[in-house]
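Visitor: I'd like to go through this model and hear the reasoning behind the labels. Can you take me through it?

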Amino acid sequence: MTSSVEPISLSQRQASNDTGIDREALARLLVEIARNVDPDNRALYEGVPAADHRLERLRQLLVGGEISELSRVTHLLDEPEQLAAAVGNVLPEATARASHAQLGEALAPAVERAAQRSIQKNPNTLTDILYPVFLPAIRKSIGEKIDQTFQSLNESLRHIFTWHGLKWRFEAWRTGTSFSAVVLKHSLIYRVEHVFLISRASGLLIAHVTSQDATSEDPQLISSMLSAIQDFVKDSFKEKENSGLDTIRFGELRLWSEVGQFATLVAVIRGNPPEELHEVIRDVLLRIHQESSRALERFDGDSSQLPGVETQLQTCVELQHIDTKEGFPWLVVTAVLLALIVGGGWFFLSWQSAHRWQTYLSRLAAQPGIVVSDQKIRGGEFYVAGLRDPLAADPQSLLPGTEVDPARVHSNWHFYQSIEPEFVLKRLSASLAPPDSVRLSVVDDRIVAEGEATTTWIDRARAAAQQLSAGGPVFDISGVSDVSAEERWQAYVSQLETQPGIIVADHNVRDGQFYITGLRDPLAADPRSLLAGTQVDPARVHASWQFYQSLEPQFVLKRLTASLAPPDSVRLSVVNDRIVAAGVATTAWINRARAAAQQLSAGGPVFDISGVRDVSPEERWQAYVSRLEAQPGIIVAQQNVRDGQFYIAGLRDPLAVDPQSLLSGTQVDPARVHASWQFYQSLEPQFVLKRLTASLYPMDKVRLSIVKGRIVAEGEAPDTWIDRARAAARQLSEGGPEFDISKVRDVSPDARAAEHWQYYVSRLEAEPGIIVAQQSARGGDFYISGLRDPLAVDPKALLSGTQVDPARVHSQWQFYQSLDPKFVVKRLTASLSPPKSVRLSIVQGRIVVVGEAPAGWIGRARAAADQLSADGVVLDVSQLSELNLAELNQLREAIQTTDIFFSSGRVVPGPEQTPVLDRLADQLKEFAENAHKAGVTARFMLTGHSDITGRETANASISAARAETVRALLNKRGVAPELLQVRGAGTFEPAVPENENSRTGNSTNRRVSVTVNLE
Amino acid sequence: MLQKKICMLGGFAVGKTSLVRRFVQSIFSENYLTTVGVKIDKKSVAFPDKTVDLILWDLAGEDDIGSFRVSYVRGATGLVLVADGTRPATLAVALTLRERCEAEFGAMPFILLFNKSDLTDRWAVPEGEIDELKQRGWQIYLTSALSGEHVDDAFRQLASMVAN
């Protein structure tokens, strides 16, 4: 076999896509193969051809595809954009398949950095993301704080007026803690009996710890049931996912649960726990989560995975507060009993001796002539003081028989004269030494003397009687007849006869009676008054007097003085039986005097008025002017008389006497007086004082007075007053009297603080929802207490602007709920959350609700009105009308005509329904939002339907499952789950009627329909 | 202590409650079913090396699937599906309930009990249908709450399924 085969040349040239193939080795291999195929070839190809293009061809045939693929991949890897696109395509899948632990560790630093960067860039983004997580936690925390506050308030109020309350108040004062803290300390008695740690995912019990002697049923079952109840409440009331059932209360027992990320801690507490306990429990739960987060997350029912948790729980169970009950205080009781016995014995003895002493005292009091003015018992000794008549019984002699120890009686008696009739009688008998013809006796507490006696004795008896008349018994001596009465009568008659103006015509004595007749001038002495001192018994005098006018000069003078009323400037006198008038008088008076003189001339004494000079108008004017000049505050500058007219000019102080008023009584004719007064300010001290009083309004505590021409102010005043006074003093210093205010004490800082305080209190009192019960200022500090509505203004906030130092204000406010309509409105707004279309206003003390609202809301408002009426607050809901939701109707129509369709027997809609679901989700969200704006809540009922093929029960199930699926799908698209309700209608509400015998079923009926309800 | 949450699912009156009444530990009255919608019982199953406590959530059986509280199933590791052997429709209900649970929480081990096996004269589920289901690898038991037949076996089987 010949061959024209060219020898293989081992090309050293590299192909473009060739990366160093060992061509020589390849050539050797091919030659080797050729030799093995045919031994002849062994001879033919001795050597290895150095180069052969066929070799290249062969290579192309064998690995050409791989080479081009490889170049494509190389290209892909070299181009960053293409590589990124390729990796991007597989990244989600790759992430899903990667080991979670490794991936988590690899990504953690990058994610942390990304989060940091995001926060630096715009904190709001992360805040928005975390908002739904934080908000419930914050809300819950605030809620608990408020509960705490109310708990402490409730306890404080409950105990405020009890005996315990007083004791605790003392304790609070002693320990310097707040009253409410002490109340809580004593009243919150509790014991944590069980603690369950429950897995949130499965409701399985992770750990259970119980306190000594507390029992319960199977904890595993209890924990599962607890989480079932949690689920039940959550489902039933559409509560948010991450909040839990906080508290369950059953009589004395409370179940408090704290929800953590993976586990719930439930504490069973007996008694009345403080709200702070929540925090303790929460801390334990947090610690458990921190220590065993991973084990909790992976908990699959094997509690051996979580050792050490029970130790943590144990700390909860040890929590308790028991009021210490001390043993019965026998020692104290015995001591008190002993003290009572000793005290009782002493009390009895002292009562007994005091009783005996009182007996003695009453004996003394019954004694005539003894007056007890003071008595006391001190240290078992008796002290008595008083008056005793020397004639009365000796007090000492009365002691026997009273069992009072005379040695312990200390008496202090002053002698006095008793005016009891028998003592007076004794004394009279001793002092008057009545003659035998006179007999003294006591008749009806009066001392009566009878018989006959001389005038001298009667005089002495009368003197004694007069002495006695000052408080003593009556000493009647009328029964003693004077043996010398007629002598005294004669003396009386002769006395009358010497009296001017009295003429005795006749007198005599008959049967011990005296008779007298005559004339008397009315101006003469009264004969009766002359009787006094004559010792003639007036009762026995029978007088008969005729009046006449005596013309004796002195009587005439008297009558003239009475009838003419001469001015002071005229003096009347009797000179040689003539009546002489001398002096100065007005013309009118002189005329009257002259008339009287004419009358008298017919038989009477001469009345000489020639000595009276007539006063001229000028003189009267001068008298008036000099009066004016004597007036303080009036300065007469000029005055003259011209043509019978009087002119006067000058200065007068407004506070001085009105010159016009001085005119009256001067007999100057006012019509002829022309006065021209300029006002000026007198600097006479009394005027200055008046002006200062008017201008400075001195406070109650400042007194102004004039001391030696200076005006002196004394007392207390604030600095504002002192400043004004100082300014006045400066003004006065230029010519006026000195105004001395150095004795006024400056009380301004305290007074001003008190004023500010009063202003603050009045502000508080004007504040609705705040009732000031008590306020006082003591030692520079201010104390106030009262009630405040939690919705009222914070009293502290009102302090600003009052200049009261907040550090000096000690306030104690108790919360209460004001029934002031304003506050009721606030509370209603918070509790009813009225829609925007409703307005609450206060009209004449009534709360009126006006506007449109959904029926459900109106119902709640009515219920609130009923409740409030019990408190006397009127909530008028009559003007509410049901909301008209025309605008929403169109959207509602669109939603309600949307159906989601399903394939036969399927509960998940096909992919062709995705756009319908997207649109429906958008519409539902829009509708819910608009409804919310209108103040109503929209709920969407998803009703699943099936066709009639298959069994009825299966259809019912499938229809409900379809509705559930749609709910889940809408939920994924952002429709809030609490707005979606589901039900299965089975075949009962077909969209199109179906034939019973249909085998395929109508696709139109396999659907989920939506209905919109408003609440 | 190894516990597993198990949900018992089944239509109305399939005998779930009577099934557990005699064979499990219970402290709650059956009123819970009507009030809360769930009643919790415990069945302890002892194996040579451990004891598994099955915490049984007996969910109120209703044919209206719409009122079924899926949330009670959260965290369950296994299901007990109960059907009434005398009413074939209850099988569909039980299976639909299982479908709902798995849609929500993923697949989990289960056993299927055809209850009321003592009522042989009214038995309505054909043997073939049961065999067909067994072909799928399902654990199926014909039980009687009256006699207690197979009840313990069924729970033991489920316990071994969920404990591993």
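Guide: Happy to. Let's start with one residue pair: A:Val772 stands opposite A:Gly786 in strand 26 of chain A. Keep in mind that this is a predicted model.

Visitor: How do you know that strand 25 and strand 26 of chain A pair?

Guide: Two strands pair if DSSP finds at least two bridges between them. Here 8 bridges join strand 25 of chain A to strand 26 (residues 781-788) of chain A, so the pair qualifies. The two run antiparallel.

Visitor: And which helix packs on that sheet?

Guide: Helix 23 (residues 748-766) of chain A does, touching strand 25 and strand 26 of chain A. The direction of helix 23 makes about 170° with that of strand 25 of chain A.

Visitor: What is the strand order of the open sheet?

Guide: The order is 25-26-27 in chain A, an open sheet of 3 strands with mixed pairing.

Visitor: What makes strand 25 and strand 27 of chain A edge strands?

Guide: Strand 25 (770-778) and strand 27 (809-815) of chain A each pair on one side only. As for the twist, it averages 10° from one strand to the next.

Visitor: Let's try burial. Why is strand 5 of chain A called mostly covered?

Guide: A residue is buried if 20 or more other C-beta atoms lie within 10 Å of its own. In strand 5 (residues 263-271) of chain A, 7 of the 9 residues are buried.

Visitor: Which strands does strand 5 of chain A pair with?

Guide: Among them is strand 1 (residues 190-199) of chain A, joined to strand 5 by 9 bridges and running antiparallel. Strand 4 (residues 253-259) of chain A is joined to strand 5 by 7 bridges, again antiparallel. A:Ala267 sits in both pairings: A:Val195 has A:Ala267 as its bridge partner, and A:Trp256 stands opposite A:Ala267. Strand 4 and strand 5 of chain A also form a hairpin, with 3 residues between them.

Visitor: Is A:Pro395 buried, exposed or partly exposed?

Guide: Partly exposed: A:Pro395 has 19 C-beta neighbours inside 10 Å. Buried takes 20 or more and exposed takes 12 or fewer, so a count of 19 lands in between. A:Pro395 lies in the loop between strand 8 (381-388) and strand 9 (409-415) of chain A.

Visitor: What does A:Pro395 touch, leaving out residues up to four places away in sequence?

Guide: A:Leu364, A:Ile370, A:Arg388, A:Ser411 and A:Trp413. Take A:Ser411: it is 16 residues from A:Pro395 along the chain, and the C-alpha atoms of the two are separated by 8.9 Å. If 8.9 Å seems odd for a contact, remember that the contact test uses C-beta atoms, placed from the backbone, within 7 Å.

Visitor: What makes the phi of A:Asn576 worth pointing out?

Guide: Most residues other than glycine have a negative phi. A:Asn576 has a positive phi of about 55° although it is not a glycine. The residue lies in the loop between strand 16 (570-575) and strand 17 (578-585) of chain A. With 8 C-beta neighbours inside 10 Å, A:Asn576 counts as exposed, because the limit is 12 or fewer.

Visitor: And what about the phi of A:Gln844?

Guide: A:Gln844 has a positive phi of about 50°, and it is not a glycine either. A:Gln844 is in the loop between strand 28 (838-843) and strand 29 (846-853) of chain A. With 7 other C-beta atoms within 10 Å, A:Gln844 is exposed.

Visitor: How do helix 17 and helix 18 of chain A pack?

Guide: Helix 17 (residues 553-564) and helix 18 (residues 587-600) of chain A pack at an angle of about 145°, with their axes 11 Å apart. The crossing is right-handed. Helix 17 contributes A:Val556, A:Leu560, A:Ser563 and A:Leu564, while helix 18 contributes A:Arg592, A:Ala593, A:Ala596 and A:Leu600. By class, that contact has 6 nonpolar, 1 polar and 1 charged residues.

Visitor: Last one: how many residues does each chain put into the contact between chain A and chain B?

Guide: Chain A gives 35 residues and chain B gives 33 residues. Helix 9 (219-236), helix 29 (952-972) and strand 34 (980-984) of chain A each supply at least two residues of the side of chain A that touches chain B. That side has 16 nonpolar, 10 polar and 9 charged residues.

Note on methods:
Residues numbered from 1 in each chain as written. Chains lettered and ligands numbered in written order. Predicted model: local features only at pLDDT ≥ 70, side-chain atom pairs only at ≥ 80, totals over all residues. Axes fitted to C-alpha atoms, helices over the stretch in contact; angles between N-to-C directions. Helix = DSSP H or I, 4+ residues; strand = E, 2+ residues; numbered from the N terminus. Left-handed = near helix turned anticlockwise from the far one by under 90°. Contact = placed C-beta atoms within 7 Å. Nonpolar A, V, L, I, M, F, W, Y, C, P; charged D, E, K, R; others polar.
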